[in-house]
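Grab a coffee and let's work through a few exercises on a protein model. Each one sets a task, then walks through the solution.

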Amino acid sequence: MGHARTLSITLMGLEGTVVEVEADVSPGLPAFSVVGLPDSSTLQARDRVRAAAARSGIRLAQRRITVNMTPAWLPKHGSGFDLAIAIAVVDAQGDLPSRGPSRTVHLGELGLDGRLRPVPGVLPALLAARDHGVTRAVVPEENLAEARLVEGLEVDGAPDLATVLRRWGSQVPIPIARPALRVVGPHRLQPDLAADDRGPAPDFRDVVGQAQARRAAEVAAAGGHHLLLIGPPGAGKTMIASRIPGILPPLGTDDALAVSAIHSVAGRFDALQGLRTQPPFENPHHTATPAAVVGGGPGIAMPGAISRAHAGVLLLDEAPEFPARVLEALREPLEAGDITIHRARGVTRYPARFQLVLAANPCPCGKAFGRGDECRCTPLQRRRYLARLSGPVLDRIDMRITVGPVDIHRSGGIDAEPSAVIAERVASARARQRERFADHPWATNARLPGPELRRSFAPEPDQRRLLDRAVAQGRLTLRGHDRVLRLAWTLADLDEVDRPGADQIGSALALREGEHR
């Protein structure tokens, strides 16, 4: 009987901390204590570990067992500590001859029969372990594909506790082969739900007419800009917005790791498909709560839709129907590119650099377009409806486009451009931005800071007279001024010119000041 230790990882958002799980087995009345700020699910590991160890051929000593998880001031949450606690306790009572466990990270939840069950967040956890100098980890078999995405780390997968004990030299019986369980839910996606089996991706070829809205979507994708589409039902607002991810370039390595880590924490990552290289698309319903959109929940905050849409597109369809608290909560993430959630048990930060696309009807009935003869809403109802999109939120939107009804007779015979052709122009514009910003920490025009925009990347004074006049007349705020300049740079990239001129600035101002009715 004695003392032993092993390693595990605790996550606060995507930031992981190495936790030293130490066990002490000493004479005294039989007891099993877990200390070090565990939450209820971590504290319940006592019963899972005792039952799993007995089923694996090792009975825990009838002594006083104390498990401490350091740093003790940091909250521990989840059932992923089960395997580390079991290994530390078995080692402390002298049943593991190997000293390897003390330098190895163990992650996994134990079933009462000794099975190792998958846990969320393995990818960010092992990235943190590698950054802290850990070189080896043991995870459940169903998390092995995800764990192997982390380079520079030796990873073993195990189906049950007995297999792990035998690898560390214990003479437990060889585990009986059990039929594999098909785990469907937050930790493993069914293979038939893979992206390749969902049919063809939405294509701009399917959009009839709407040349201005299609052009705005292309500009938004090329520069990473936010977009507001206002028009009657059936005009194609949602159809256009849902096709924007299809013209975005694939994610770079850093973004792919971040997006995959976020979806791993959220329990929505299918590692069998590898790192997520396609920009994500989130479309929450207008009944979503602030916690569902921004992130939150009891205990440690989970990522919301804005974080799951990181490096991709967040569509708020029927935007005025969203609660005001949800819309106003988007202000800071739209500016900062991340979200910090404060809870009693800690502060959690998630990246949230997304493209926001809002779609809205012009009035509650949706018929206040053109002459509005069929609309039965009062002027007060119309004003109140669109006033739900507050000024501070609208000021952060780069483009405001009116989407009118489609004239099928004028556009039916014209073949629309497919997404592949538009994606080539977007990729070319993004390449110009990467080259221009190669020595800076940002890569798209939408992330260009205001001071640098007005200093190093400002157009010539005679080219921006129209823009300066709009600010002087009060039509634009200083934030709006900067957003028009960013749009002008994107238009210049699409036009393949070195700097935006009067034409690009005028077009950007028109996209910015689109009137909604």
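A polar contact here is a pair of N or O atoms within 3.5 Å, where one must be able to donate a hydrogen and the other to accept it. Keep in mind that this is a predicted model.

**Exercise 1. Work out where Asn445 sits and which side chains it makes polar contacts with.**

Step 1: place the residue. Asn445 lies in the loop that runs between helix 17 (419-436) and helix 18 (450-455).

Step 2: check burial. Being in a loop doesn't settle this, so look at the number: the relative accessible area of Asn445 is 0%, which makes it buried.

Step 3: apply the 3.5 Å cut-off. The Asn445 side chain reaches the side chain of Arg436 at 2.9 Å, and a second polar contact, of 3.0 Å, links it to the side chain of Asp493.

Step 4: list the wider company. Leaving out residues up to four places away in sequence, Asn445 also touches Gly223, His225, Gln433, Phe437, Arg486, Trp489 and Thr490.

**Exercise 2. Decide whether Cys365 and Cys375 are in a disulfide or free of one.**

Step 1: recall the cut-off, which is two cysteine sulfur atoms within 2.5 Å.

Step 2: try Cys365. The nearest cysteine sulfur belongs to Cys363 and is 3.4 Å away, and Cys365 is in no disulfide. With 31% relative accessibility, Cys365 is partly exposed.

Step 3: try Cys375. Here the nearest cysteine sulfur is that of Cys365, 3.6 Å away, and again there is no disulfide. Cys375 is buried, at 8% relative accessibility.

Step 4: zoom out. Searching the whole structure turns up zero disulfides.

**Exercise 3. Find the edge strands of the five-stranded open sheet.**

Step 1: write down the strand order, 11-14-17-10-18, with parallel pairing.

Step 2: read off the ends. Strand 11 (281-282) and strand 18 (399-402) each have a single partner strand, so one side of each has no neighbour in the sheet.

Step 3: look at one edge. Strand 11 is joined to strand 14 (residues 313-316) by two bridges, and Phe281 has Val313 as its bridge partner there.

**Exercise 4. Describe the largest nonpolar core and one of its best-connected residues.**

Step 1: size it up. This core holds 55 residues, and those with the most contacts inside it include Val105, Leu126 and Phe354. Helix 4 (residues 122-131) supplies the largest share, six residues.

Step 2: follow Val105. Among the residues it touches are Leu7, Ile9, Leu126, Ala129 and Val138.

Step 3: don't stop there. Another core, of 46 residues, lies apart from the largest one, and Val313 is among its members.

Terms used:
Residues numbered from 1 in each chain as written. Predicted model: local features only at pLDDT ≥ 70, side-chain atom pairs only at ≥ 80, totals over all residues. Heavy atoms only, no water. Core = buried A, V, L, I, M, F, W, Y, C linked by side-chain atoms within 4.5 Å. Buried < 20%, exposed > 50% of the residue type's maximum accessible area, 1.4 Å probe, protein only. Helix = DSSP H or I, 4+ residues; strand = E, 2+ residues; numbered from the N terminus. Contact = heavy atoms within 4.5 Å. Pairing = 2+ DSSP bridges.
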